[in-house]
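Hi,

Here is the structure I promised to send over. Have a look at it first, and then read my notes underneath.

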Amino acid sequence: MTTRRGFTTTILHADRLGKPEHGALHKPIHTSVTFGYDDVQDLVDIFQNKKKGYAYSRQGNPTVSALENKVTLMEHGMATIAFSTGMAAISSTIMALIKKGDHVIASSYLFGNTRSVFQTFMDMGLDFTFVDATSIDNVRNEIRDNTKMVFVETIANPATQIVDLEQIGDLCEEKGIIYMVDNTMTSPYIFKPVSVKASLVITSLTKYIGGHGNALGGSVTDTGLFNWANYANIFEGFKSQVKPEVLGMTQIRKKGLRDAGGTLSPEAAHSISVGSETLALRMERACTNAYSLATFFEGHPKIKKVYYPGLKSHPQHHIAKKLFLKFGGLMSIELDESIDCFAFLNKLKLVVKSSNLGDTRTLAIPVAHTIFNELGPVKRAEMGIPDSMIRLSIGIEDIDDLLHDFKVALG
Ligand SMILES: *Cc1c(COP(=O)(O)O)cnc(C)c1O
């Protein structure tokens, strides 16, 4: 019997165990676009999915595979496909799996660009319904004969709602529906969606996994739980070439990654791989910092509201406590009406006014004016986003410096 090594040990030694040349501890950056073979049969077999190997880097590259392997290990999944960005992972996966006439149920609490691309898919004829998925009944009531997928995020950005992750997993299993979970905000260190029966896990590698704000990337992981054998939209030709369990990944790699072309570069894959080695350490520190700041804000007279799953006042605190190892590094705050939001932000000297999250540095952004501006006031209200909301992505700085910066800015 083999025992599973710890989270960080596994990632640190993943490349080495694949025996890269010269005893290298990192998988080298392979910049070759194409791959040549002595026997043409090998090339043909790779094209026909009969053999593993590389043909053209748009759909697969050894350096990118090394990162895919790490994400699979982190998620306790079966296989992973990396993309150029988190958005490429989401849009390409939907394109590969959903056809006209199909229906998707999505949480109404979504990352703004995800909401925006789903609107684009609706304009192209796909059917989406948005529901308040913090209550399982809202999801159950929308299921129809043509419902193919339920899409949710673990901790919604920016208002930190947590949907009924476990019960939605049971429902999708019962109905044979794909359960797609965006795990960006939690990261596989604090939550593994396979534990709530997710079929596919989406992650923006740009955020916590890469962690340093120096490379874009995204991924989709197949947990191995969904039965692809009877899934209607799989390309007929694949069925005679590969085993039923890899049909989903074959469809996403070929119809999603290869055809839409949202390919991760080997250089970015290397940066993200190096970043991922310290995911657990960075998450521990960011979550501890976030908890300290959330308690500080909650007791401050100039703060009207704090959105953070670690606080007992958070409506889904019980779910976070049950399912997550830590409460995450993201929170939002609303200031008292007496303080001007822009003036407050401009008084921050250490915290950076910036739109990324999951960076090592603490970042702050006024939400309604920026990342959720395009959606307009009606959709923002549906998503639980007030105009005065400020989103904070807490980094790994020394906590006293962060507390000092916020204390001075609050006056
Ligand atoms: C940032 C983000 C994405 C998109 O990822 P990119 O790498 O920026 O394309 C998707 N989902 C969530 C929850 C995100 O925070």
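Below is what I found, going from the domains to the ligand and then to a few backbone details.

Before anything else: this is a predicted model.

**The two domains**

The chain splits into domain 1, residues 7–276, and domain 2, residues 279–410. Their centres, taken over C-alpha atoms, are 28 Å apart. How many residues does each domain bring to the contact between them? It's 42 from domain 1 and 42 from domain 2. Together the two domains bury about 3,300 Å², and carbon and sulfur atoms account for 65% of that area. On the domain 1 side, the residues that lose the most area to domain 2 are P158, Y189 and Y208, which together make up 22% of what that side buries.

As for polar links across this interface, there are twelve residue pairs in polar contact. There is also one salt bridge between the domains. If you want to look at a salt bridge in your viewer, go to E166 and K322, where the closest N and O atoms sit 2.9 Å apart. Several helices of domain 1 supply at least two residues each to the side that touches domain 2: α1 (7–12), α6 (112–123), α8 (165–175), α9 (187–190) and α12 (266–276). Sorted by class, that side of domain 1 has 19 nonpolar and 19 polar residues, plus four charged ones.

**The ligand**

Which residues come closest to the ligand? They are G86, D182, S204, T206 and K207, out of 14 that surround the ligand. Three side chains are worth a click:

- D182 has a polar side-chain atom 2.7 Å from a nitrogen atom of the ligand.
- T206 places a side-chain N or O atom 2.7 Å from a ligand oxygen.
- K207 has a polar side-chain atom 2.9 Å from an oxygen atom of the ligand.

**Backbone details**

Most residues other than glycine have a negative phi, and most peptide bonds are trans. With that in mind, here are some spots to check.

P158 comes up again here: the peptide bond leading into it from N157 is cis, with omega near 10 degrees. P158 sits in the loop between β4 (147–153) and α8, and it is one of the residues that lose the most area to domain 2.

K19 is not a glycine, yet its phi is positive, at about 55 degrees. You'll find K19 in the loop between α2 (14–17) and α3.

Helix α3 covers residues 40–47, and at its start a side-chain oxygen of D39 comes within 2.9 Å of the backbone nitrogen of Q41. After α3 comes N49, which has a positive phi near 65 degrees.

Shout if you'd like to go through any of this together.

Cheers

Notes
Residues are numbered from 1 along each chain as its sequence is written. This is a predicted model: local features need pLDDT of at least 70, side-chain atom pairs count only at pLDDT 80 or more; totals for chains, interfaces and linings use all residues. Side-chain values use heavy atoms; hydrogens and water are left out. Domain bounds come from an automatic or database domain assignment. Contact means heavy atoms within 4.5 Å. Buried area is the accessible area (1.4 Å probe) that two parts lose on being put together, summed over both. A salt bridge is a side-chain nitrogen of Lys or Arg within 4 Å of a carboxyl oxygen of Asp or Glu. A polar contact is a pair of N or O atoms within 3.5 Å; within protein, one must be able to donate a hydrogen and the other to accept it, and residues adjacent in sequence count only if both atoms are side-chain atoms. Helices (H or I, at least four residues) and strands (E, at least two) are DSSP runs, numbered from the N terminus. Ala, Val, Leu, Ile, Met, Phe, Trp, Tyr, Cys and Pro count as nonpolar, Asp, Glu, Lys and Arg as charged, and the others, Gly among them, as polar. A residue is near a molecule or strand if one of its heavy atoms lies within 4 Å of it.
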